[in-house]
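Let's walk through this structure together, one region at a time. Keep the sequence and the 3D view side by side as you read.

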Amino acid sequence: PPRWVDNDDASAASASSIAVHLGFSVPIESPGDLEAIAHNSPIWSDWDGGKIGGKPSLLNPRDVPVGPLRCRACAKRNEAQENDDGNGLGNDSSKTKESTIMRFLCQTYCPADEESSPPNPAAFHRTLYVFACPSAECSTNPTPDSVLVLRSQLPQDNEFYPRSTKDREDDFDDWTHNESEVHGVNLCAVCGCKAGGRCPKQDLWFCGKEHQ
């Protein structure tokens, strides 16, 4: 199965069969707390519930979504507008309006490990990522296409994190398998998705000109 899955189909589940878990955000009190945020540390037993805002912290550092992620609702409105304008007659087709780039909203770590019912060995580690469209139209009249939820999951035995972290005598200070750069993947400095090129002036990687 793909490592990144669109979870739109989950909305079809019966409301009576869905268990709701409420979470609350807490401020970061010290720089050292950043190590425990999401998947920054290879010691997965210390991972907290998730992350709000900024850039996503990637569970799978190698198979990364290619940016920029664009709003499907805006794309449909743009297409409808072009059709109303006579299929763009008289306009420069090379300047077709792109849909709005989505913003990272939050992520939550929700493993389907042995404590889950039923457990899912393929999702021993599992994280959901939520992206939303910031456009005024989608904020005023949101639709399911205005929000994107991606799921990333890994089995307990994987190439990015140790199988067990119970033996704290092991030294994880030099562990780098959870870093995208180690796998030859460069991330956009703005959105955290897979970058397409590096800006020589800023010496930073970006997914496109809009984020450069």
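Ile18 sits in the loop between β1 (4-6) and β2 (50-52). With a relative accessibility of 47%, Ile18 counts as partly exposed. Ile18 belongs to a nonpolar surface patch with Val20, Leu22 and Phe24, and together these residues have about 530 Å² of accessible area. Please bear in mind that this is a predicted model.

Now step back to the chain as a whole. It contains two helices and seven strands, and along the sequence they come in the order β-β-α-β-β-α-β-β-β. Of the 212 residues in the chain, 32% are buried. The chain exposes about 13,500 Å², and 52% of that comes from carbon and sulfur atoms. If you look at contacts between residues at least 6 apart in sequence, 62% of them join residues at least 24 apart.

The strands are a good place to go next. β2 pairs with β3 in the antiparallel sense, over three bridges, and here Gly50 stands opposite Thr108 in β3. Strand β3 (residues 103-109) also runs antiparallel to strand β4 (residues 125-132), with six bridges joining them. Two places to find on this pairing are Cys106, opposite Val130 in β4, and Gln107, opposite Tyr129 in β4. From β4 you can carry on to strand β5 (residues 147-154), which is antiparallel to β4 and joined to it by eight bridges. In that pairing, Leu128 has Arg151 in β5 as its bridge partner. As you trace the strands, it may help to recall that in a regular strand the side chains alternate between the two faces of the sheet.

Next, find Cys133, in the loop between β4 and α2. Is Cys133 buried or exposed? Its relative accessibility is 8%, so Cys133 counts as buried. Leaving aside residues up to four places away in sequence, Cys133 touches Cys71, Cys74, Thr100, Met102, Cys138, Ser139 and Ser146. Ser99 is 34 residues from Cys133 along the chain, and the C-alpha atoms of the two are separated by 9.7 Å.

Asp145 takes us to the loop between α2 (136-140) and β5. Asp145 counts as buried because its relative accessible area is 19%, and the cut-off for buried is under 20%. Which side chain does Asp145 meet in a polar contact of 2.5 Å? The partner is Lys76. Beyond residues up to four places away in sequence, Asp145 touches Cys71, Arg72, Ala73, Lys76 and Met102. Cys71 and Met102 are worth a second look: they are among the residues touched by Asp145, and they are also among those touched by Cys133.

Let's turn to charged pairs. Side chains of opposite charge can pair when their charged atoms come close. The count of salt bridges comes to eight. One of them joins Glu98 and Arg70, at 3.6 Å from N to O. Glu98 lies in the loop between α1 and β3, while Arg70 lies in the loop between β2 and α1, so this pair ties together parts that are 28 residues apart in sequence. Arg70 has a relative accessible area of 23%, so it is partly exposed. The side chain of Arg70 also meets that of Glu210 in a salt bridge, at 2.4 Å from N to O. This pair links distant parts of the chain: Glu210 is in the segment after β7, 140 residues from Arg70. Elsewhere, Arg62, Asp63 and Glu159 are joined into one network by salt bridges that share partners. Within the network, the closest N and O atoms of Asp63 and Arg62 are 3.2 Å apart. Asp63, at 23% relative accessibility, counts as partly exposed, and Arg62, at 26%, does too.

We can finish with two backbone details. Most residues other than glycine have a negative phi, and most peptide bonds are trans. Gly67 and Pro68, however, are joined by a cis peptide bond, with omega at about -5°. You will find Pro68 in the loop between β2 and α1 (72-84). Asp203 is not a glycine, yet it has a positive phi of about 55°. Asp203 lies in the loop between β6 (197-199) and β7 (204-206), and with a relative accessible area of 51% it is exposed.

How values were computed. Residues numbered from 1 in each chain as written. Predicted model: local features only at pLDDT ≥ 70, side-chain atom pairs only at ≥ 80, totals over all residues. Heavy atoms only, no water. Helix = DSSP H or I, 4+ residues; strand = E, 2+ residues; numbered from the N terminus. Buried < 20%, exposed > 50% of the residue type's maximum accessible area, 1.4 Å probe, protein only. Contact = heavy atoms within 4.5 Å. Areas by Shrake-Rupley, 256 points an atom, 1.4 Å probe, with all protein chains shown as cover. Patch = residues over 30% accessible without salt bridge, like charges linked within 9 Å, V, L, I, M, F, W, Y side chains within 5 Å. Salt bridge = Lys/Arg side-chain N within 4 Å of Asp/Glu carboxyl O. Pairing = 2+ DSSP bridges. Polar contact = N/O pair within 3.5 Å; in protein donor to acceptor, adjacent residues only side chain to side chain.
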